[in-house]
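Me: Please pick one part of this structure and walk me through it closely. I would like the contacts spelled out, and then a view of how that part sits in the whole.

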Amino acid sequence: MKLTSKLLIPATFLTCGSLSGATINSTGSDGFGVSSFNSGGIWGGTAPTAGNDYVVGAGHRMRTPADGGSYTFAGDSLTISDASPSGDLVGLSYKGTGTTGIITVNNLILDNGSINHISGAGDVMNLDGSITVASDSLMYAKQGSINILADISGSATITNPGADGAGRILSFSSTSSTFSGSLVNNGNFLLSDDAVFNFLIGASGINNSMSGSGSTVVDGDFILDLGGASSSPGDFWDLASGASFGSTFTVSGFADNGDDTWSSGLYSFDESTGLLTVVPEPSAALLGGLGLLALLRRRSR
């Protein structure tokens, strides 16, 4: 008798198509008029799909669709990696039009990556979802404004290298970001009303900050983590010495003194300098003053 065997193959393996759970690396850059945000261009011919993670590699560029529509990236994550081989204008480049369209990436990871605006001066990149700044990266509002609606997390440095002219503004608008890295703004930056920027305060002079040679306007709120802060009188931290503060600015948990200063216990923030300082408690200041007065009296005898 002839024996035969049957090989049972699960039905899931009989279906052709790309496998899920894969990491898909870019194979090059989008050319003029081409976008791989929702097509297979730089992804080996297959458009991004749920279940896969996507990486725009070193020196590569992915453009957004060149119209005024709203688009959501379909992959589980999008990592924009090493921008350094080809400079600032690689990574994720905005080519949309108008002011109302929203580009959403629900898990955008910047790993020495670049987000940049290379469309018209009147076109606004509205970027929503969530952004993790895994290592120092760029948000370059070069040819037009970039409005970051997304929550931002991470503790690396974000740099806005500059702007081609006035009105090209990088703005943060999230009210729930946990980002505690530094911002270096050499162009135009706005912390929008009610948006938050977090500062992690350590020993005197140890903190993240807002700095740079550009115009930095703060209409939103500072949140200061003082859990590890030193407390010796005279200790200070430069949070945003070059910034301008609007009428809606607040320091969360601090009292508004009505003279552009904010205070909480030993700590005082001054809008005119952008500095956080430790000031003596009133009782300590009084005792110090009495001691000085007694010393002066002894010397006058």
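Reply: Happy to; what follows starts from one serine and its strand, then moves outwards to the rest of the chain.

First, a word on the basis. This is a predicted model, in which local features need pLDDT of at least 70 and side-chain atom pairs count only at pLDDT 80 or more, while totals for chains, interfaces and linings use all residues. Residues are numbered from 1 along each chain as its sequence is written, and side-chain values use heavy atoms, with hydrogens and water left out.

The serine is S137, which belongs to strand β10; strands are DSSP runs of E of at least two residues, helices are H or I runs of at least four, and both are numbered from the N terminus. S137 is buried, with 4% relative accessibility. Buried here means under 20% relative accessible area, exposed over 50%, and partly exposed in between, using a 1.4 Å probe and protein chains only.

The side chain of S137 has two backbone partners to look at. One is the backbone oxygen of S135, reached at 2.8 Å, and another is the backbone nitrogen of G113, 3.1 Å from a polar atom of that side chain. Both are polar contacts, that is, pairs of N or O atoms within 3.5 Å; within protein, one must be able to donate a hydrogen and the other to accept it, and residues adjacent in sequence count only if both atoms are side-chain atoms.

Setting aside residues up to four places away in sequence, S137 touches L110, D111, N112, G113, T157, I158 and T159, where contact means heavy atoms within 4.5 Å. As for A83, 54 residues away along the chain, its C-alpha atom is 8.3 Å from that of S137.

I158 leads us on to F172. Neighbours within four places aside, F172 contacts I158 too, along with others including M139, I148, I152, F189 and F197. F172 is among the residues with the most contacts inside the largest nonpolar core, together with L78, I148, M210 and F222; that core has 56 residues. Such a core is a set of buried Ala, Val, Leu, Ile, Met, Phe, Trp, Tyr and Cys residues joined through side-chain atoms within 4.5 Å. In soluble globular proteins, nonpolar side chains tend to be buried together.

Back at β10, the loop that follows is worth a look as well. K142 forms a salt bridge with D164, with the closest N and O atoms 3.0 Å apart. K142 lies in the loop between β10 (137-140) and β11 (146-148), and D164 in the loop between β13 (158-160) and β14 (170-172), so the pair ties together parts 22 residues apart in sequence. K142 is buried, at 16% relative accessible area, whereas D164 is partly exposed at 45%. A search of the whole structure finds one salt bridge, defined as a side-chain nitrogen of Lys or Arg within 4 Å of a carboxyl oxygen of Asp or Glu.

Finally, the wider setting. The protein has one helix and 27 strands, and 43% of its 301 residues are buried. Of the contacts with a separation of 6 or more, 63% join residues 24 or more positions apart.
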